[in-house]
Amino acid sequence: MGRIYISAMDILYLIAMWVSGLTLLVMTLIIPVGIFARYVLNSALSWPEPVAIICMVTFTFVGAAVSYRACSHIAVSMVTDRLPESGKRVCSFLTNMLMLLISGFILYYSTQLCIELWEQPVAEFPILTAGETYLPLPIGSLITLLFIVERICFGPQDKRPVVMLGSA
């Protein structure tokens, strides 16, 4: 059962990494388009800014999940490095529990936000509703939650080749 879960998380990790990378790429391509249209063509487009914001939110929340699994997030370990092994285990347990709590909180309330705003249109980008634009929050939180469960049950995965893919 553990191998199946870890394999599923490997696939989810790679998908999340690609989604994060592509949204960052799209964001960096769209912003200059908006600037070019506004200052060179003297005709402001309405869609580049909301698309760039959606890309930024997606990159932030999905990218945070990727960073968490790869253990490449910012961590201040000055105190924990000096603790005995039992102290390190306690700190790790507390960290995982707090991460579960925070991710669950974000998942619950961002899902409520999406539901509440699902029908509200976005004036600058009428293809999407406001609820749809906030979907990266619960999705990223759910992915993070799954990676936290994986870390609690099977330990950190940052030394495995599939996770070390981007850290050469």
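Let us start with one residue, Glu150, and the neighbours around its position: leaving aside residues up to four places away in sequence, Glu150 touches Tyr5, Ile6, Met9, Arg69, Gly155 and Gln157. Please keep in mind as you look around that this is a predicted model. Glu150 sits in helix H5. Is Glu150 buried or exposed? With a relative accessible area of 1%, Glu150 is buried, because the cut-off for that class is under 20%.

**Helices H2 and H5**

Arg69, one of the residues that Glu150 touches, leads us on to a helix pair. Two packed helices are described by the angle between their axes and the distance between the axes. Here, helix H2 (residues 48-70) packs with helix H5 (residues 136-154) at an angle of about 5°, and their axes are 8 Å apart. H2 is therefore roughly parallel to H5, since angles under 35 degrees count that way.

Which residues make this contact? On the H2 side they are Val57, Thr58, Phe61, Val62, Ala65, Val66, Tyr68 and Arg69. On the H5 side they are Pro136, Leu137, Gly140, Ser141, Ile143, Thr144, Phe147, Ile148, Glu150 and Arg151. Sorted by kind, the residues of the contact of H2 with H5 comprise 11 nonpolar, four polar and three charged. Glu150, our starting point, is among the residues listed for H5.

Helix H2 can also be checked for its length. Its 23 residues, at 1.5 Å a residue, should span 33 Å, and the C-alpha atoms at its ends are 31 Å apart, so the two values agree.

**The cysteines**

How many disulfides does a search of the whole structure find? The search finds zero. Cys55 is in no disulfide, and the nearest cysteine sulfur, which belongs to Cys114, is 16 Å away. For Cys71, the closest cysteine sulfur is in Cys91 at 15 Å, which is too far for a bond, because a disulfide needs the two sulfur atoms within 2.5 Å.

Cys71 is worth a second look for its backbone too. Cys71 follows H2 and lies in the loop between H2 and helix H3 (85-116). Its phi is positive, about 55°, although Cys71 is not a glycine.

**The loop between H1 and H2**

Asn42 also has a positive phi of about 55° without being a glycine. Asn42 is found in the loop between H1 and H2. Ala44 lies in the loop between helix H1 (2-39) and H2 as well. Not counting residues up to four places away in sequence, Ala44 touches Ala37 and Arg38. Where is Ala44 relative to Gly155? Their C-alpha atoms are 50 Å apart in space, and 111 residues separate them in sequence. Gly155 is one of the residues that Glu150 touches.

**Accessibility side by side**

The table brings together the relative accessibility of residues from this tour.

| Residue | Relative accessibility | Class |
|---|---|---|
| Glu150 | 1% | buried |
| Cys55 | 8% | buried |
| Cys71 | 30% | partly exposed |
| Ala44 | 53% | exposed |
| Asn42 | 70% | exposed |

So the tour runs from Glu150, buried in this model, to Asn42, which counts as exposed.

Methods
Residues are numbered from 1 along each chain as its sequence is written. This is a predicted model: local features need pLDDT of at least 70, side-chain atom pairs count only at pLDDT 80 or more; totals for chains, interfaces and linings use all residues. Side-chain values use heavy atoms; hydrogens and water are left out. Axes are lines fitted to C-alpha atoms, for helices over the stretch in contact, and angles run from 0 to 180 degrees between N-to-C directions. Helices (H or I, at least four residues) and strands (E, at least two) are DSSP runs, numbered from the N terminus. Angles under 35 degrees count as roughly parallel, over 145 as roughly antiparallel, 65 to 115 as roughly perpendicular and the rest as oblique. Contact means heavy atoms within 4.5 Å. Ala, Val, Leu, Ile, Met, Phe, Trp, Tyr, Cys and Pro count as nonpolar, Asp, Glu, Lys and Arg as charged, and the others, Gly among them, as polar. Buried means under 20% relative accessible area, exposed over 50%, partly exposed in between (1.4 Å probe, protein chains only). The expected span of a helix is 1.5 Å times one less than its number of residues.
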